[in-house]
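Trainee: I have some questions about charges, cysteines and helix packing here. Can we go through them one at a time?

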Amino acid sequence: MAKDAIDIAANYAGAFDGHLPFGQRPALLIVDFVVAYLDPASPLYAGVEDALASNERLLAAAREAGIPVLFTNVVYTQGGADGGVFYRKVPALRLFNSGSPLGAFPASLQPRGGELVISKQYASSFFGTHLASTLTSMGIDTLLITGLSTSGCVRATALDACQHGFLPFVVREACGDRHPGPHEANLFDLQAKYAEVISEAQALAHLLAR
């Protein structure tokens, strides 16, 4: 029988159906939710307005519960010398040259004083940044991960969270991609191998329980 004819859940059962517990010290990590993905004139526009609304609700709940909130963005020097091969591979990354208005956070997701912004040059929020050491110093053991895009920076961040020993919980409705195919495929694979993919309602319940 061809592999594509086998039920995927049955195929993964027993090998990739484990689960992670929610930890004691969570933080909300909002990955790269910037104007470039919200402006219809931008080459990176992704139609993620529903995910924006989900992030707004989660951000309000995290702040109300006193849960640490961290944001990431992508910033390059003019010419992208600090972007390496990634910058050369993806032409749209030029939208994130320093000073570009498309790299700004939308009005409804503005960091407040005391909320950290981690600026990065590659897909993972951990690669080449102080995120891991900062989370460790804060005593964080669990990350609620949201943002853009599911198949890119969200996936890379969740994978590296797992590899750095943080419990990654990816919030389905609060992530987005430019096409539902990569979005769903990457959520499936993250759940199978590296993270827990949870609903916004489950994430809010965790926040409200703090």
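Trainee: Which side chain of opposite charge is nearest to Asp 160, and how far away is it?
Mentor: This is a predicted model. In it, Asp 160 is buried yet has no salt bridge. A salt bridge needs a nitrogen of Lys or Arg within 4 Å of a carboxyl oxygen. The nearest side chain of opposite charge is Lys 120, at 9.8 Å.

Trainee: With which side chain does the side chain of Asp 160 make a polar contact?
Mentor: Start with the location: Asp 160 lies in helix H5. Leaving aside neighbours within four places in sequence, Asp 160 is in contact with Ser 124, Phe 126 and Phe 127. The polar contact, at 2.9 Å, is with the side chain of Gln 163.

Trainee: Which residue meets Lys 120 in a salt bridge?
Mentor: Lys 120 is in strand S3, and its partner is 88 residues apart from it, in the loop between strand S1 and helix H2. Lys 120 is buried, with a relative accessible area of 0%. The partner has 2% relative accessibility, so it counts as buried too. The N to O distance is 2.8 Å, and the partner is Asp 32.

Trainee: How many salt bridges does the structure hold?
Mentor: Side chains of opposite charge can pair when their charged atoms come close. The pair of Asp 32 and Lys 120 is one such salt bridge. Arg 57 and Glu 200 also meet in one, at 2.6 Å, N to O. The total for the structure is six.

Trainee: In the pair of Arg 57 and Glu 200, how many residues apart are the two?
Mentor: Arg 57 is in helix H2 and Glu 200 is in helix H7. Arg 57 is partly exposed, with a relative accessible area of 43%. Glu 200 is buried, at 9%. The pair links distant parts of the chain, 143 residues apart.

Trainee: Which residues do salt bridges that share partners join to Arg 155 in one network?
Mentor: Arg 155 meets Asp 189 in a salt bridge of 3.0 Å, N to O. Arg 155 lies in helix H5 and Asp 189 in helix H6, so the pair ties together parts that are 34 residues apart in sequence. Asp 189 is buried, with a relative accessible area of 13%. The residues joined to Arg 155 in the network are Asp 189 and Lys 193.

Trainee: What do the buried residues of H6 pack against?
Mentor: Asp 189 is among the buried residues of H6, as are His 183, Asn 186, Leu 187, Leu 190 and Ala 192. These buried residues pack against both helices and strands. The elements are helix H1, helix H5, strand S5 and strand S6.

Trainee: How far apart are the end C-alpha atoms of helix H6?
Mentor: Helix H6 has 14 residues, 180-193. At 1.5 Å a residue, H6 should span 20 Å. The model agrees, with the end C-alpha atoms 20 Å apart.

Trainee: How many disulfides does the structure hold?
Mentor: A disulfide needs two cysteine sulfur atoms within 2.5 Å. The total is zero.

Trainee: Which cysteine sulfur is nearest to that of Cys 153, and how far away is it?
Mentor: Cys 153 is in no disulfide. At 10% relative accessibility, Cys 153 counts as buried. The neighbour in question is also buried, with a relative accessible area of 5%. The nearest cysteine sulfur is that of Cys 175, at 11 Å.

How values were computed: Residues numbered from 1 in each chain as written. Predicted model: local features only at pLDDT ≥ 70, side-chain atom pairs only at ≥ 80, totals over all residues. Heavy atoms only, no water. Helix = DSSP H or I, 4+ residues; strand = E, 2+ residues; numbered from the N terminus. Expected span 1.5 Å × (residues − 1). Buried < 20%, exposed > 50% of the residue type's maximum accessible area, 1.4 Å probe, protein only. Contact = heavy atoms within 4.5 Å. Lys, Arg positive; Asp, Glu negative; His and termini not counted. Polar contact = N/O pair within 3.5 Å; in protein donor to acceptor, adjacent residues only side chain to side chain.
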